[in-house]
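The following exercises concern pockets, a nonpolar core and one polar side chain. Please work through each task before reading its solution.

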Amino acid sequence: MKGNDLETMLGEPKHAIRSLALALSLSYLIVQLNSFIDSYWTTGLGDEAMSAVATMNPVYWIVTAVGIGLGVGVSTTIAFHLGRGDTERTGLLAGNALITGLIASAVVSTIVYFSLEPMVEFIGADDIKESCIDYAIPFANMSFALILNGIVTGLLRSEGSRTKSIIVLVISAGLNIVLDPILMFDMGMGVSGAGWATCIGAFISTLLGLYWYATGRMEVKLTRSSLRFDRRASLEVLGVGAPRTAEALVTGITNVIQRVFIVAVGATAGVLLYNLPWRYITIIIVISEALGAAMIPVCSAALGQNDREKAIMGMRYAAVLSTVLTTAAAAIVFIFAEPLTELFMNDPSMEQHKDDLVWVMRMFCLFIPFDGLRKIGSCMLQVIRKSRVSTRAMLVWAVVKLFLYWVGSLYSFEMLIYATVAAYVFGGVWMMLLVRHYVRQSIPAVPAAV
């Protein structure tokens with residue numbers, strides 16, 4: 001199957017993107033279902049526990065941002081070399097991505113561990129401080145599992161391995177789903193059980209992915225000689241991965257800061273009202289994330305083949321398909337917002353929030369297609385090796401977003417939600433304007449070799 005997967009990735013771009021994106025959509029959907037079920041079980045502990053999870057959710061994204069960034073870096077660079085037929089270098093790139101991930105995990109664990117308490121105090125969630133720290137501690141202790149998981153899934157995407165990428169993500173999410181009630185209720189771990197379940201699932205699924213590479217079952221050969229530091233290979237991966245990591249970190253840090261404004265205007269219950277509807281929004285955004293993740297190796301391989309027209313066709317196709325599908329999905333969630341909210345009413349303390357949750361969910365539906373374009377646009381910039389442009393664009397968006405949140409928080413929680421819609425609409429339009437400029441400028445000048 002590995003030869004067929006590579007052949008598909010190097011073939012007709014629309015078919016390749018659809019094929020890989022469908023597999024990724026299913027796997028990403030399972031991951032989001034995992035978060036959804038986390039929220040479901042946590043609401044059984046009451047609105048305080050749910051508020052703690054919502055408040056500290058950015059910690060999870062900050063930790064995984066490193067793995068996601070390195071995964072994108074290794075996916076882009078390996079796909080480029082596979083497109084050129086240069087398979088010897090791919091193993092070295094893979095090995096250096098893993099080494100970099102392990103080093104980064106030690107740094108990330110230390111930073112997260114010592115910043116948890118100050119972070120809770122900064123946000124202003126002192127009333128749920130203990131629950132916040134309990135939930136986030138597992139991410140500090142097992143950051144290596146979350147980071148390596150992102151790298152391994154990036155490796156699998158780099159050679160178009162649909163089936164195996166699904167298996168890794170399904171096992172990770174499936175173990176989380178099974179372990180949630182066991183750890184949270186049967187073992188009495190409470191909200192910390194949700195964090196440990198996520199980390200354990202990621203660790204076991206990562207071991208499986210590494211086993212496939214160690215036993216030579218993949219196109220990319222990960223041997224002992226590959227697991228040595230090579231400055232050039234490391235810099236090649238980081239050339240795309242570091243800006244992508246910085247971009248994800250900007251998003252995570254922005255999410256921490258914006259919670260200050262949410263708490264200021266809506267108390268800790270406001271974080272719940274803001275965050276819980278995102279469970280549905282992120283399920284829809286899976287469409288754009290999958291199309292973007294599929295587009296990166298397909299279009300990078302096209303550039304490796306020196307087929308610029310094929311790369312442009314693939315990028316345009318992903319953007320159009322993302323807009324059509326996310327718009328349709330957002331309309332469905334908007335119409336059925338009330339019954340969808342009912343799923344979280346499994347504790348009496350949640351009933352008081354129902355009407356507000358429905359309203360927030362419908363407001364969020366208005367910006368979904370724009371957020372999809374923001375994600376697709378970022379992936380396009382990764383393909384044409386303009387990762388730094390994408391990072392700078394995200395920094396601008398983060399500043400605008402926080403400014404709008406601050407203005408909204410001066411008035412009311414409702415105004416803050418209006419500010420959220422405006423911020424995400426701006427983000428999508430801003431990113432696509434940059435893509436339009438840089439794709440036209442850069443594609444003719446893309447070199448035939450790295």
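**Exercise 1.** Which residue's side chain does a polar contact join to the side chain of Asn 149?

*Solution.* The model is predicted, so to speak of local features requires pLDDT of at least 70 and side-chain atom pairs count only at pLDDT 80 or more, while totals for chains, interfaces and linings use all residues. Residues are numbered from 1 along each chain as its sequence is written, and side-chain values use heavy atoms, with hydrogens and water left out.

Step 1. Locate the residue: Asn 149 belongs to helix 6, residues 143-158 (helices are DSSP runs of H or I with at least four residues, numbered from the N terminus).

Step 2. Find the partner: the side chain of Thr 206 makes a polar contact of 3.0 Å with that of Asn 149 (a pair of N or O atoms within 3.5 Å, one able to donate a hydrogen and the other to accept it; residues adjacent in sequence count only if both atoms are side-chain atoms).

Step 3. List the surroundings: residues up to four places away in sequence aside, Asn 149 touches Val 168, Leu 169, Ala 202, Ser 205 and Thr 206 (contact means heavy atoms within 4.5 Å).

**Exercise 2.** Does Asn 149 count as buried or exposed?

*Solution.* Asn 149 counts as buried because its relative accessibility is 9% (buried is under 20% relative accessible area, exposed over 50%, partly exposed in between, with a 1.4 Å probe and protein chains only).

**Exercise 3.** Which residues have the most contacts inside the largest nonpolar core?

*Solution.* Step 1. A nonpolar core is a set of buried Ala, Val, Leu, Ile, Met, Phe, Trp, Tyr and Cys residues joined through side-chain atoms within 4.5 Å.

Step 2. The largest such core has 131 residues, and Met 56, Tyr 274 and Met 295 have the most contacts inside it. Helix 3 gives the largest share of this core, 16 residues.

Step 3. Beyond its neighbours within four places in sequence, Tyr 274 is in contact with residues including Phe 364, Tyr 405, Phe 413 and Tyr 424.

**Exercise 4.** Which helix supplies the largest share of the lining of the second largest pocket?

*Solution.* Step 1. The elements giving two or more residues to this lining are helix 3 (47-84), helix 4 (88-123) and helix 9 (231-275).

Step 2. Helix 4 supplies the largest share, seven residues.

Step 3. By class, the lining has 11 nonpolar, one polar and no charged residues (Ala, Val, Leu, Ile, Met, Phe, Trp, Tyr, Cys and Pro are nonpolar, Asp, Glu, Lys and Arg charged, the others, Gly among them, polar).
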